[in-house]
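Student: I am new to this structure. Can you show me how to read its features one at a time?
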Amino acid sequence: MKQRPKYSYPIDEVIQKRWSPRAFAPTALTDEQVFTLLEAARWAASCMNTQPWRFIWAHNDGSEKYQKLLSCLMEGNHAWAKDAPVLILGLIHLPKEGGFCNQWAMYDLGLAIGNLTAQASVMDLYVHNMAGFSEEKVRELFEIGEDLKPVIMLTVGQPGDASTLNEFNRQREQKTQERKPLEELILG
Ligand SMILES: Cc1cc2nc3c(=O)[nH]c(=O)nc-3n(C[C@H](O)[C@H](O)[C@H](O)COP(=O)(O)O)c2cc1C
């Protein structure tokens, strides 16, 4: 069990328990579980309800889609993410006529992933965000047009055995989460 940090105020257990594992248990998720996470994402707030979030996902089942997603990860992420049961790519839809709201699409996707992550926590699942992937490769392999922008990749699953990780990642895995003090975040 990962050591929990000290909280300044008593936040809910669902938020407390969240962290970003690199070692995942080999337990597969069901389609029902994945769609429940995506359903939570669907109900996020967005600029004028434009809902710009889009997703491409796959179980770790050796399928072509899964291999394509995995191959887009940078080496450092690939090293551990290859053992996670699910990979999700988050994109934003930026239509030419999107106007004012296009500039908030990344924010909207963040809210959607926030919902997904909270739902995962309720279901005893854990999410690890990864910016370390090749946007160019995603565009090429999934034939992504100019109206879409790949933003983030996620692994989802249950925490696993840290001894399966390399030394560098094992140390990161065991570190207690750290944050800036609340006073530093509140300005004015
Ligand atoms: C936008 C974003 C990009 C991230 N990219 C990576 C990444 O490429 N590789 C990685 O191992 N972790 C990545 N992370 C995870 C962060 O390093 C992690 O959330 C942070 O260190 C805090 O740890 P915690 O989530 O366990 O509290 C990313 C997180 C976010 C939100």
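Tutor: We will take the ligand, the pocket and the disulfide in turn. Keep in mind that the model is predicted.

Student: Let us start with the ligand. Which residues come nearest to the ligand?

Tutor: A residue counts as near when one of its heavy atoms lies within 4 Å. Here 14 residues are around the ligand. Ser20, Asn77, His128, Gln177 and Arg179 come nearest.

Student: Which elements supply at least two residues of the shell around the ligand?

Tutor: Helix 4 (75-81) and strand 3 (126-130) each do so. Strand 3 gives the largest share, with three residues.

Student: How do the residues of the shell divide into nonpolar, polar and charged?

Tutor: Five are nonpolar, six are polar and three are charged.

Student: How do I read polar contacts with the ligand?

Tutor: Look for pairs of N or O atoms within 3.5 Å. Two arginines show this through their side chains. A side-chain N or O atom of Arg22 is 2.8 Å from a ligand oxygen. Arg179 has a polar side-chain atom 2.8 Å from an oxygen atom of the ligand. Asn129 uses its backbone: an N or O atom there lies 3.0 Å from a ligand nitrogen.

Student: How much of the ligand's accessible area does the protein cover?

Tutor: On its own, the ligand has 630 Å² of accessible area. The protein covers 60% of that.

Student: Now the largest pocket. How much space lies in it?

Tutor: The largest pocket holds about 460 Å³ of space. Its lining has 17 residues. Closest to the centre are Lys6, Tyr7, Ser8, Ile11 and Arg179. You have met Arg179 already, among the residues that come nearest to the ligand.

Student: Which helices supply at least two residues of that lining?

Tutor: Helix 1 (13-16) and helix 8 (182-185) each do. The largest share, three residues, comes from helix 8. By class, the lining has eight nonpolar, three polar and six charged residues.

Student: Last, the disulfide. Which residues form a disulfide?

Tutor: Look for two cysteine sulfur atoms within 2.5 Å. The structure holds one disulfide. Cys47 and Cys101 form it, with sulfur atoms 2.0 Å apart.

Student: Why is the disulfide left-handed?

Tutor: Read the torsion about the S-S bond. For Cys47 and Cys101 it is about -70 degrees, so the disulfide is left-handed.

Student: What does the pair tie together?

Tutor: Cys47 lies in the loop between helix 2 (31-42) and strand 1 (53-59). Cys101 lies in the loop between strand 2 (86-93) and helix 5 (105-122). The pair therefore ties together parts that are 54 residues apart in sequence.

How values were computed
Residues are numbered from 1 along each chain as its sequence is written. This is a predicted model: local features need pLDDT of at least 70, side-chain atom pairs count only at pLDDT 80 or more; totals for chains, interfaces and linings use all residues. Side-chain values use heavy atoms; hydrogens and water are left out. A polar contact is a pair of N or O atoms within 3.5 Å; within protein, one must be able to donate a hydrogen and the other to accept it, and residues adjacent in sequence count only if both atoms are side-chain atoms. Accessible areas come from the Shrake-Rupley method with a 1.4 Å probe; for residues, only the protein chains shown count as cover. Helices (H or I, at least four residues) and strands (E, at least two) are DSSP runs, numbered from the N terminus. Ala, Val, Leu, Ile, Met, Phe, Trp, Tyr, Cys and Pro count as nonpolar, Asp, Glu, Lys and Arg as charged, and the others, Gly among them, as polar. On a 1 Å grid over the protein atoms alone, a cavity is a set of points where a 1.4 Å probe fits but cannot get out, and a pocket is an open set with protein on both sides within 12 Å along at least five of seven lines; lining residues have an atom within 4 Å of a point. Grid points are joined across faces, edges and corners, and a volume is the space filled by probe spheres set on the points.
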